[in-house]
Amino acid sequence: MGGTEHLTVQREGATLVLTLNRPEARNALSLPMLVGLHDGWLEADADDSVRSVVLTGAGGSFCSGMDLKALAGNGMAGEEYRDRLKADPDLHWKAMLRHHRPRKPVIAAVEGYCVAGGTEMLQGTDIRVAAESATFGLFEVKRGLFPIGGSTVRLQRQIPRTHALEMLLTGRPYSAREAAAIGLVGHVVPDGTALDKALEIAEQINACGPLAVEAVKASVYETADMTEQDGLAAELTRGWPVFDTADAKEGARAFAEKRPPVYKRE
């Protein structure tokens with residue numbers, strides 16, 4: 001199991017939990033964090049015993065975005081990982097889910113600050129849980145910067161365009177309740193319980209057929225920009241093979257026998 005000094009990896013049953021672990025900097029993105037995230041996504045994809053992933057942050061924050069001190073020229077921690085970026089110049093975008101979509105469902109558990117690059121990375125997750133006092137926002141324009149983590153493309157596809165533009169152009173903070181009202185997050189829970197709720201959702205997913213879950217996720221994303229006719233055709237291509245799997249047969253037997261199914265990804 002991987003991880004770095006700024007990214008911890010642990011297992012909770014069939015769920016891989018990736019924790020941004022730089023609380024003294026409100027989990028601002030660092031090179032060790034990005035390398036750990038990149039490797040965590042690959043580990044989840046490669047390990048068939050992992051059925052879901054939870055992304056969260058340590059110390060009461062999710063992620064406050066890029067380390068602006070490093071951007072200003074004060075250096076970024078983890079220079080020993082620099083060779084990883086040289087070997088794969090796209091590593092940081094894959095880590096932030098801009099250029100990589102994990103095949104397993106990813107659930108975000110947000111406490112505290114989830115702003116700038118944090119909100120950008122959030123848009124690459126599938127299901128989102130926020131604590132009551134969580135704060136969201138894309139602050140880049142206030143710093144004279146551009147939210148280049150994908151927000152000018154993805155946000156308008158995930159929430160109504162008027163809300164996307166307001167968030168992008170004002171750079172103001174959004175409360176968890178407001179984020180839920182515009183559809184950026186799906187659950188708002190008491191402070192300190194976001195991870196518990198995310199793991200609860202993960203367990204519900206883990207109890208389902210893993211081949212079916214992965215096929216459903218893939219279908220949702222690959223058909224998002226298709227016409228309805230093309231999307232329905234693509235859905236059949238993606239969905240029909242699932243009915244011929246051992247998992248599908250096990251699901252039918254378990255239903256008939258009134259017992260929990262035991263799926264083996266076959």
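Two residues are in contact when heavy atoms of theirs lie within 4.5 Å of each other. By that rule Leu 37 touches Leu 7, Leu 18, Leu 20, Leu 55, Ala 95 and Met 121, leaving out residues up to four places away in sequence. The model described here is predicted. Its protein chain has 12 helices and 9 strands. This briefing goes from the whole chain to the cores, then to three helices and two loop residues.

**Whole chain**

- A compact globule of 266 residues would have a radius of gyration near 18 Å, and the protein chain has 19 Å, which agrees.
- Along the principal axes, the C-alpha atoms of the protein chain fill a box of roughly 60 × 40 × 40 Å.
- Of the 266 residues, 49% count as buried.
- About 12900 Å² of the protein chain is exposed, and carbon and sulfur atoms supply 56% of that area.
- Among contacts in the protein chain with a separation of 6 or more, 67% join residues 24 or more positions apart.

**Nonpolar cores**

- The largest nonpolar core has 46 residues.
- Leu 18, Leu 37, Phe 136 and Leu 184 have the most contacts inside this core.
- Helix α1 (residues 31-46) gives the largest share of this core, 7 residues.
- A second, separate core has 14 residues, including Val 17, Val 54, Ala 131 and Ala 194.

**Helix α9 (residues 194-206)**

- The 13 residues of α9 should span 18 Å at 1.5 Å a residue, and the end C-alpha atoms are 18 Å apart, which agrees.
- Which residues of α9 are buried? They are Ala 194, Ala 198, Leu 199, Ile 201, Ala 202, Ile 205 and Asn 206.
- Seen down the axis of α9, these buried residues fall within an arc of 160 degrees, so they line one face of the helix.
- An α-helix has 3.6 residues a turn, so residues three or four places apart point the same way.
- Asp 196 and Gln 204 are exposed, on the face of α9 turned away from its buried side.

**Helix α7 (161-170) and Arg 172**

- In α7, the buried residues are Ala 164, Met 167 and Leu 168.
- Seen down the axis of α7, the buried residues fall within an arc of 95 degrees, so they line one face of the helix.
- These buried residues pack against α5 (117-122), α6 (151-158) and β8.
- The face of α7 turned away from the buried side carries the exposed residues Thr 162 and Leu 169.
- Gly 171, just after α7, takes a positive phi of about 65 degrees.
- Where is Arg 172? Arg 172 is in the loop between α7 and β8 (174-175).
- Arg 172 counts as partly exposed because its relative accessibility is 24%, and the partly exposed range lies between 20% and 50%.
- Not counting residues up to four places away in sequence, Arg 172 touches Phe 136, Gly 137, Phe 139, Glu 166 and Glu 178. Phe 136 is also one of the residues with the most contacts inside the largest nonpolar core.
- Arg 172 and Pro 105 are 67 residues apart in sequence, and their C-alpha atoms are 29 Å apart in space.

**Helix α12 (residues 246-257)**

- Helix α12 has 12 residues and reaches 16 Å from its first C-alpha to its last, close to the 16 Å expected at 1.5 Å a residue.
- Asp 247, Glu 250 and Ala 254 are buried in α12.
- These buried residues cover an arc of only 60 degrees around the axis, which puts them on the same side of α12.
- What covers the buried residues of α12 includes α10 (210-222).
- Phe 255 and Ala 256 are exposed, on the face of α12 turned away from its buried side.
- Lys 258, just after α12, takes a positive phi of about 55 degrees.

**Asp 191**

- Asp 191 lies in the loop between β9 (187-189) and α9.
- Is Asp 191 buried, partly exposed or exposed? With a relative accessible area of 44%, Asp 191 is partly exposed.
- Leaving aside neighbours within four places in sequence, Asp 191 is in contact with Glu 111, Ala 131, Glu 132 and Ser 133. Ala 131 is one of the residues of the second core.
- Asp 191 and Glu 178 are 13 residues apart along the chain, and their C-alpha atoms are separated by 16 Å.

Notes
Residues numbered from 1 in each chain as written. Predicted model: local features only at pLDDT ≥ 70, side-chain atom pairs only at ≥ 80, totals over all residues. Heavy atoms only, no water. Helix = DSSP H or I, 4+ residues; strand = E, 2+ residues; numbered from the N terminus. Expected span 1.5 Å × (residues − 1). Buried < 20%, exposed > 50% of the residue type's maximum accessible area, 1.4 Å probe, protein only. Arc of directions from axis to C-beta. Rg over C-alpha atoms; globule rule 2.2 N^0.38 Å. Areas by Shrake-Rupley, 256 points an atom, 1.4 Å probe, with all protein chains shown as cover. Core = buried A, V, L, I, M, F, W, Y, C linked by side-chain atoms within 4.5 Å.
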